[in-house]
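Student: I should like to learn how to read the relation between chains and the packing of helices. May we work through an example together?

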2 protein chains.
Amino acid sequence: MKSDKKIITISREFGSGGRLIGKRLAEKLGVPYYDKELLDRIAEESGFSREMMEDAEKKAKNSFLYSLISAMGTAEAGPESLSLNERFFLAQFDTIKEIAGEGSCIIVGRCADYILRGMPEATNVFIYAEEEDKIKRAVEEYGIPQEHVKKLMKDTDKARANYYAYHTGQKWGEPVNYHLSIDSGYIGIEDIADLIIKYTDVKLFR
Amino acid sequence: MKSDKKIITISREFGSGGRLIGKRLAEKLGVPYYDKELLDRIAEESGFSREMMEDAEKKAKNSFLYSLISAMGTAEAGPESLSLNERFFLAQFDTIKEIAGEGSCIIVGRCADYILRGMPEATNVFIYAEEEDKIKRAVEEYGIPQEHVKKLMKDTDKARANYYAYHTGQKWGEPVNYHLSIDSGYIGIEDIADLIIKYTDVKLFR
């Protein structure tokens, strides 16, 4: 049995073009696209301000500080009173579940693959590439200055891996967490989007 | 620019159905399939006997022993005289290069992805699945007795990872070593073969 509903989550290395692929998928399928858009929706529903959430996301970039703040928040106040970071993650968790319940959509990042695991309509995709290919894309397409690109790439992916590990207990980018992993260096954005759609067309409903 | 020549290497976890996918690909594309068939070809060209090669492959199952034998072989005799295992790997290396030079084909296992890395016509695919799915397939399709399946699966994959790490210095199953990684638990063998062919149709020639 197949389903017409397509929830596609995209996890991606910095510079791999994952966001572009997500946007192209949303256009091709005519479904909503969520990345930063998620924050607006969470703000609406949870009462968190955009500023506070963006601040919490920035903090996640320092992996050690992030774990420390989260751990301290709960340790001091007891399990019933969660730290701000954890409350923010839970709000995100609820909103992602809710969005996925509403119908087809594309969600980039934010542990959406983990949050929607086991949902038969969800397809989790990981987009990566070789380092030189990611640097080239980041400089030429995202306009990142050449001298900053390596550090920015390393820091961003480290923050993503850390955020994922902290909230899911899993290793970010490990194949078993995704249905499909694609190196974006050997196939165009348009063709990757088509390939993912073809996958969702034949994915077993289980 | 695209090429009509398709070299597809399949690396696979035990129980993931990777061999079946390789065979199906060979049938669909009408091209030669190499797995155990490689050993015959190596025997023909290198003078190694089938028995010796199968023995060397079995030895690789004990990771510690394998590394030790290989290291001792070279350490004792100096770099110009390679250990038997290393000579066997080099013969395999040459034969895989030669086979890939001849035309389209499917090669399962044997570090073929690494050996053919950088060849524009080569597409490297990794097939994996969740543990319960692999157990189910190994018992129902390969006929492995239920009580042996977990240990056999663990030992086989450990041997593959070790063999790969020893000869390539890379981590087996790490996405960056493959163009495409697919969880075989959510899509049928036939559909996976079609998806891989579609990928090779649009893969950039670089």
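Tutor: Let us begin with a definition: copies of a chain are superposed by least squares on the C-alpha atoms of residues with pLDDT of at least 70 in both. Please keep in mind that this is a predicted model.

Student: By what turn and what shift can chain B be laid on chain A?

Tutor: In general, two copies of a chain are related by a rotation about an axis and a shift along it. Here a turn of 180 degrees with a shift of 0.0 Å along the axis lays chain B on chain A, and the RMSD is 0.0 Å. This relation is therefore that of a two-fold axis. Within chain B, B:Ser181 has the C-alpha nearest the axis, at 2.5 Å. Both copies use the same surface, since 100% of the contact residues of chain B recur in chain A.

Student: How is helix 9 of chain A oriented relative to helix 9 of chain B?

Tutor: Two packed helices are described by the angle between their axes and the distance between the axes. For helix 9 of chain A and helix 9 of chain B, the angle is about 170 degrees and the axes lie 11 Å apart. Angles over 145 degrees count as roughly antiparallel, so helix 9 of chain A is roughly antiparallel to helix 9 of chain B. On the chain A side, the contact is made by A:Asp191, A:Asp194, A:Leu195, A:Lys198, A:Tyr199 and A:Val202; on the chain B side, by B:Asp191, B:Asp194, B:Leu195, B:Lys198, B:Tyr199 and B:Val202. By class, this contact has 6 nonpolar, no polar and 6 charged residues.

Student: Within chain B, at what angle do the axes of helix 1 and helix 9 cross?

Tutor: The axes of helix 1 (residues 18-29) and helix 9 (residues 189-202) of chain B cross at roughly 60 degrees and come within 9 Å. These two helices of chain B are therefore oblique to each other, and helix 1 passes helix 9 in a right-handed crossing. Among the residues that meet are B:Leu25 and B:Lys28 in helix 1 of chain B and B:Ala193 and B:Asp194 in helix 9 of chain B. The classes in this contact are 9 nonpolar, no polar and 4 charged residues.

Student: Which residue forms a salt bridge with A:Lys28?

Tutor: The partner of A:Lys28 is A:Asp194, and their closest N and O atoms are 2.8 Å apart. This pair links distant parts of the chain: A:Lys28 belongs to helix 1 of chain A and A:Asp194 to helix 9 of chain A, 166 residues apart. Over all chains, the structure holds 36 salt bridges.

Conventions: Residues are numbered from 1 along each chain as its sequence is written. Chains are lettered from A and ligands numbered from 1 in the order in which they are written. This is a predicted model: local features need pLDDT of at least 70, side-chain atom pairs count only at pLDDT 80 or more; totals for chains, interfaces and linings use all residues. Side-chain values use heavy atoms; hydrogens and water are left out. Axes are lines fitted to C-alpha atoms, for helices over the stretch in contact, and angles run from 0 to 180 degrees between N-to-C directions. Helices (H or I, at least four residues) and strands (E, at least two) are DSSP runs, numbered from the N terminus. Angles under 35 degrees count as roughly parallel, over 145 as roughly antiparallel, 65 to 115 as roughly perpendicular and the rest as oblique. A crossing is left-handed if the near helix is turned anticlockwise from the far one by less than a right angle, and right-handed if clockwise. Contact means heavy atoms within 4.5 Å. Ala, Val, Leu, Ile, Met, Phe, Trp, Tyr, Cys and Pro count as nonpolar, Asp, Glu, Lys and Arg as charged, and the others, Gly among them, as polar. A salt bridge is a side-chain nitrogen of Lys or Arg within 4 Å of a carboxyl oxygen of Asp or Glu.
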